[in-house]
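Welcome, and please load the model in your viewer. We will hop from one selection to the next, with a short note on what to look for at each stop.

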Amino acid sequence: MENTIRLIPFKVEEKLKNVKEIPEGVNMVQAPEIWKEGIKGKDIVIAVIDTGCDRNHPDLKDRIIGGRNFTTDDNGDIDNYSDYNGHGTHVAGTIAATENDRGVVGVAPEAKLLILKVLANDPNNPGSATGKYEWIINAINYAVDQKVDIISMSLGGPSDVPELHQAVKRAVENNILVVCAAGNEGDGNERTEEFSYPGAYNEVISVGAVSLDGQISRFTNSNKEIDVVAPGEKILSTIPGGKFAVFSGTSMATPHVSGALALIKQLCEKEFGRKLTEPELYAQLIKRTMPLGFPKVLEGNGLVCLTAPNHLSKRYKKHKSQARKMD
C-alpha cells in the first residue's frame, strides 16, 4: 500500500489579476436562481480538506472561520494553513467566494469555510502536493468533531485504506455530507473503470466533470460509484495573492457540488422546519440533477442543477441528442 495521497492533477488554463463576474460554472448549476430566494448557504459550515487557503484573499477572508494544518509545511505549525499550491484556494472560491465589487462569487457565498490543510508542497515537483493518508484521516475526524455540515475533498489516491474508509463512514454516520472528486485518470472509455480513493467509496458523493457546454470531460474517471457531474473545465476562481485563475479537473467540479449542497441544506431545512439527515439531503441533491444521456458510469444521476431541470433542458438538448459511447 502506498502511504501517500496526491493532489488530483489539474490543468492551469489561465491566471488573472482582476475579474468581476459570476463564473459560468456557478451559473450552470443555477446557484443565482436560488440566491433570489434569499438562500446563499448562511451558517452552513464546509470543511475544505486540501492544500490550505489564502486566508487574506479579499473574496474569502470573510468566509473563513478557522483552519488547521495537518502537514509538515511550516514546521508543522498547526495554525498555519497557508496555500503554497493554489488548488485549495481555488476550490474554496468556487464553494463560497463572497460577493464583492470585484472578483468572483462562489456557489454558496454566505457559507462558512473551515480550512484543513492535508497536502504539503512538494519541493521536488513544482505545482504538485502530496500528503499522508494519516493526515487526511485526522482531518476528517477533526471535521467530525467540529460538527461541520459538509466535507469537500478534491484529492485522491490509488489505495483503499481501511482507516480512511472508516473515517468517511464516521462522518456520514454523523450526518455530514462527504463530497469527493472522482479523479482525473479517465481514458475516455466507459468500459474501463478508474478508481481513486476516497472518491470511490460508496458512502461519499463522487463527482465527475463536464465541460461548460455539457459534454463529459475526457479525463473524468468512469466507474459505478459516480453520483453526479458538475462543471469541471475552464473554471474561474480564486488563487493566492488576491488573484484569480482558470483551472480544469474533477477537483473543480467537486466544490460546485459542495456549495450546491450548502444551498440545498439551508433551503430544505427552512421548508421542512427541521434538520435533515444525510440520506435525506442526498435524496434532495439527486432530485436536483438532470441526465445528460451519457452512460451512468460517466455521469451517475446527471448534472447538478438547483432549480427545475427543465430550465436547462433546452440549453443541453443538442448535447444530449449527441450523447454517445466514448471511444
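Start by selecting Ile-49, which counts as buried because its relative accessibility is 0%; buried means under 20% relative accessible area, exposed over 50%, and partly exposed in between, with a 1.4 Å probe and protein chains only. Before going on, note that this is a predicted model, in which local features need pLDDT of at least 70, side-chain atom pairs count only at pLDDT 80 or more, and totals for chains, interfaces and linings use all residues. Residues are numbered from 1 along each chain as its sequence is written, and side-chain values use heavy atoms, with hydrogens and water left out.

**Around Ile-49**

Ile-49 sits in strand E4, residues 45-50. Helices (H or I, at least four residues) and strands (E, at least two) are DSSP runs, numbered from the N terminus. Now add Met-153 to the selection: Ile-49 and Met-153 are 104 residues apart along the chain, yet their C-alpha atoms are separated by 5.3 Å. What else is in contact with Ile-49, leaving aside its neighbours within four places in sequence? Show Leu-116, Val-118, Ala-139, Ile-140, Ile-151, Ser-152, Met-153, Ser-154 and Leu-155; contact here means heavy atoms within 4.5 Å.

**Zooming out**

Return to the full view. The protein chain has nine helices and 18 strands, and its C-alpha trace spans about 55 × 45 × 40 Å along the principal axes. The radius of gyration of the protein chain is 18 Å, which agrees with the value near 20 Å for a compact globule of 327 residues; this radius is taken over C-alpha atoms, and the globule rule is 2.2 Å times the number of residues to the power 0.38. Colour by accessibility and you will find that buried residues make up 61% of the 327 residues. Of the contacts in the protein chain with a separation of 6 or more, 76% are between residues 24 or more positions apart.

**Lys-112 and Asp-43**

Next, select Lys-112 in strand E7, residues 112-117. Is Lys-112 buried, partly exposed or exposed? Its relative accessibility is 29%, so Lys-112 counts as partly exposed. Beyond its neighbours within four places in sequence, Lys-112 is in contact with Asp-43, Ile-44, Val-45, Ile-46, Arg-63 and Ile-65. For a distance check, draw a line to Asn-125: Lys-112 and Asn-125 are 13 residues apart in sequence, and their C-alpha atoms are 32 Å apart in space.

Follow the contact to Asp-43, in the loop between helix H2 (31-35) and E4. Asp-43 is not a glycine, but its phi is positive, about 70 degrees. With 43% relative accessibility, Asp-43 counts as partly exposed.

**Two more backbone stops**

Asn-75 also has a positive phi without being a glycine, here about 55 degrees. Look for Asn-75 in the loop between strand E5 (64-69) and H3; at 81% relative accessibility, it counts as exposed.

Then move to Pro-198, in the loop between strand E12 (177-181) and strand E13 (205-210). The peptide bond from Tyr-197 to Pro-198 is cis, with omega near 15 degrees.

**Helices H3 and H6**

Select residues 87-96 for H3 and 250-272 for H6: their axes come within 8 Å and cross at roughly 35 degrees. Axes are lines fitted to C-alpha atoms, for helices over the stretch in contact, and angles run from 0 to 180 degrees between N-to-C directions. The crossing is right-handed, a term for the near helix being turned clockwise from the far one by less than a right angle, with anticlockwise giving left-handed. On the H3 side, show His-87, His-90, Val-91, Thr-94 and Ile-95, which meet Ser-251, Met-252, Pro-255, His-256, Ser-258 and Gly-259 in H6. By class, this contact has four nonpolar, seven polar and no charged residues; Ala, Val, Leu, Ile, Met, Phe, Trp, Tyr, Cys and Pro count as nonpolar, Asp, Glu, Lys and Arg as charged, and the others, Gly among them, as polar.

**Last stop: the cysteines**

How many disulfides does the structure hold? The count is zero, where a disulfide is a pair of cysteine sulfur atoms within 2.5 Å. Select Cys-180: its closest cysteine sulfur, in Cys-53, is 19 Å away, too far for a bond. For Cys-268, the closest is in Cys-305 at 14 Å, again too far for a bond. Cys-268 is buried, with a relative accessible area of 0%. Finish on Cys-305, in the loop between strand E18 (303-304) and helix H9 (310-322); Cys-305 is buried, at 0% relative accessible area.
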